[in-house]
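Welcome! Please take a look at the sequence and the structure below, then work through the exercises at your own pace.

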Amino acid sequence: MIAIPAVDLRDGACVQLVGGSYDREEVRLDNPLEVARGWVRAGFQRLHVVDLDAATAHGDNAALVRDILGEVPAHVQAGGGVRSGDTVERLLGEGAQWVMLGTRALEEPEWLAGTASSFPGQLIVAADVRERQVVTRGWTRTLSRTVLDVVERLNDIPLGGVLVTAVHREGRLAGTDLFLMEDVVELSEHPVIASGGIATMNDLRELAERGVAAAVIGMALYTGALDARTVAEEFAS
């Protein structure tokens with residue numbers, strides 16, 4: 001399993017939110033490009049870059065994402081508000097290794113299938129989950145399908161992975177939702193990326209034991225609850 005630092009972008013800054021709430025911003029750093037470089041210097045080989053403004057249709061950080069893709073020597077999974085094949089193509093052209101799709105991919109499965117066929121293995125579907133219900137549109141809409149229903153429907157689509165974020169655990173440093181991730185891994189035929197609540201090395205080891213392919217870490221790295229170099233040494237590749 002590999003560990004992937006989160007670089008969440010908002011208003012030109014790198015931020016960390018709590019519990020999927022835009023009103024609870026706990027971390028704000030003014031130089032995201034330097035933050036991204038710092039994770040690479042610590043030993044990480046992959047980054048998770050999300051444009052929160054684009055995801056909520058409040059502007060975008062496209063230029064900043066482009067700078068990170070062009071100037072930081074890491075494999076990057078980029079996303080946030082990606083709702084067209086043109087945007088996927090642009091991000092891949094700028095250097096993203098994978099592009100993450102959320103709202104439209106989850107709400108319009110036919111569009112997802114067509115887009116994935118054009119970019120096989122290069123798309124990651126990101127499902128934000130509260131108590132096993134999938135939420136979209138910046139966590140403001142709850143879909144009728146559970147995350148397991150969604151994961152099962154994704155199995156026939158040529159994806160690069162499935163990212164499941166336990167929004168009810170995100171930013172709280174209270175531990176990951178192991179039962180959720182275990183069920184997702186058992187059902188998914190794609191590599192599973194876990195996110196939300198990871199706070200300790202034991203959390204990472206337990207995810208690895210359950211077959212999770214990668215783990216996105218945010219608050220624990222930014223607050224120092226997890227030592228970046230220690231994590232990178234054990235889970236960088």
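## Exercise 1: Aromatic pairs

The count comes to 2 aromatic pairs, where rings of Phe, Tyr and Trp (its six-membered ring) pair if their centres lie within 6.5 Å, and planes under 30 degrees apart count as stacked, over 60 as edge-to-face and the rest as tilted. This is a predicted model, in which local features need pLDDT of at least 70 and side-chain atom pairs count only at pLDDT 80 or more, while totals for chains, interfaces and linings use all residues. Residues are numbered from 1 along each chain as its sequence is written, and side-chain values use heavy atoms, with hydrogens and water left out.

**Task.** Work out which geometry the pair of Trp 39 and Phe 44 has, and then that of Trp 39 and Tyr 222.

**Solution.**
- Step 1. Trp 39 and Phe 44 lie 6.2 Å apart, centre to centre, with 85° between the planes, which is edge-to-face.
- Step 2. For Trp 39 and Tyr 222 the ring centres are 5.3 Å apart and the planes stand at 90°, so this pair is edge-to-face.
- Step 3. This second pair links distant parts of the chain, since Trp 39 belongs to helix α1 (residues 32–42) and Tyr 222 to helix α10 (residues 219–223), 183 residues apart. Helices (H or I, at least four residues) and strands (E, at least two) are DSSP runs, numbered from the N terminus.
- Step 4. Put together, Trp 39, Phe 44 and Tyr 222 form one aromatic cluster.
- Step 5. Trp 39 and Phe 44 are both buried, and Trp 39 and Tyr 222 are both buried. Here buried means under 20% relative accessible area, exposed over 50%, and partly exposed in between (1.4 Å probe, protein chains only).

## Exercise 2: Two packed helices

**Task.** Describe how helix α3 and helix α4 pack, and list the residues that make the contact.

**Solution.**
- Step 1. Two packed helices are described by the angle between their axes and the distance between the axes.
- Step 2. Helix α3 (residues 62–71) and helix α4 (residues 85–94) meet at an angle of about 40°, and their axes are 9 Å apart. Axes are lines fitted to C-alpha atoms, for helices over the stretch in contact, and angles run from 0 to 180 degrees between N-to-C directions.
- Step 3. From α3, Ala 62, Val 65, Arg 66, Leu 69 and Gly 70 take part, and from α4, Arg 90, Leu 91 and Glu 94 do. Contact means heavy atoms within 4.5 Å.
- Step 4. Sorted by class, this contact of α3 with α4 has 4 nonpolar, 1 polar and 3 charged residues. Ala, Val, Leu, Ile, Met, Phe, Trp, Tyr, Cys and Pro count as nonpolar, Asp, Glu, Lys and Arg as charged, and the others, Gly among them, as polar.

## Exercise 3: The two sides of a helix

**Task.** Which residues of helix α8 are buried, and how are they placed around its axis?

**Solution.**
- Step 1. In helix α8 (residues 178–187), the buried residues are Leu 178, Leu 180, Met 181, Val 184 and Val 185.
- Step 2. Viewed down the axis of α8, these buried residues fall within an arc of 160°, so they line one face of the helix. The arc is that of the directions from the helix axis to the C-beta atoms.
- Step 3. Turned away from that buried side, α8 carries the exposed residues Phe 179 and Glu 186.
- Step 4. The buried residues of α8 pack against β7 (123–130), α7 (147–154), β10 (161–166), β11 (192–195) and α9 (201–209).
- Step 5. Take Met 181 of helix α8: its relative accessibility is 0%, so Met 181 counts as buried. Leaving out residues up to four places away in sequence, Met 181 touches Val 164, Ala 166, Thr 176, Ala 194, Ser 195, Leu 207 and Val 212.

## Exercise 4: Far in sequence

**Task.** How many residues apart in sequence are Ile 217 and Ala 6, and what separates them in space?

**Solution.**
- Step 1. Ile 217 has its place in strand β12 (residues 214–217).
- Step 2. Ile 217 and Ala 6 are 211 residues apart in sequence and 5.8 Å apart in space, C-alpha to C-alpha.
- Step 3. With a relative accessible area of 1%, Ile 217 is buried.
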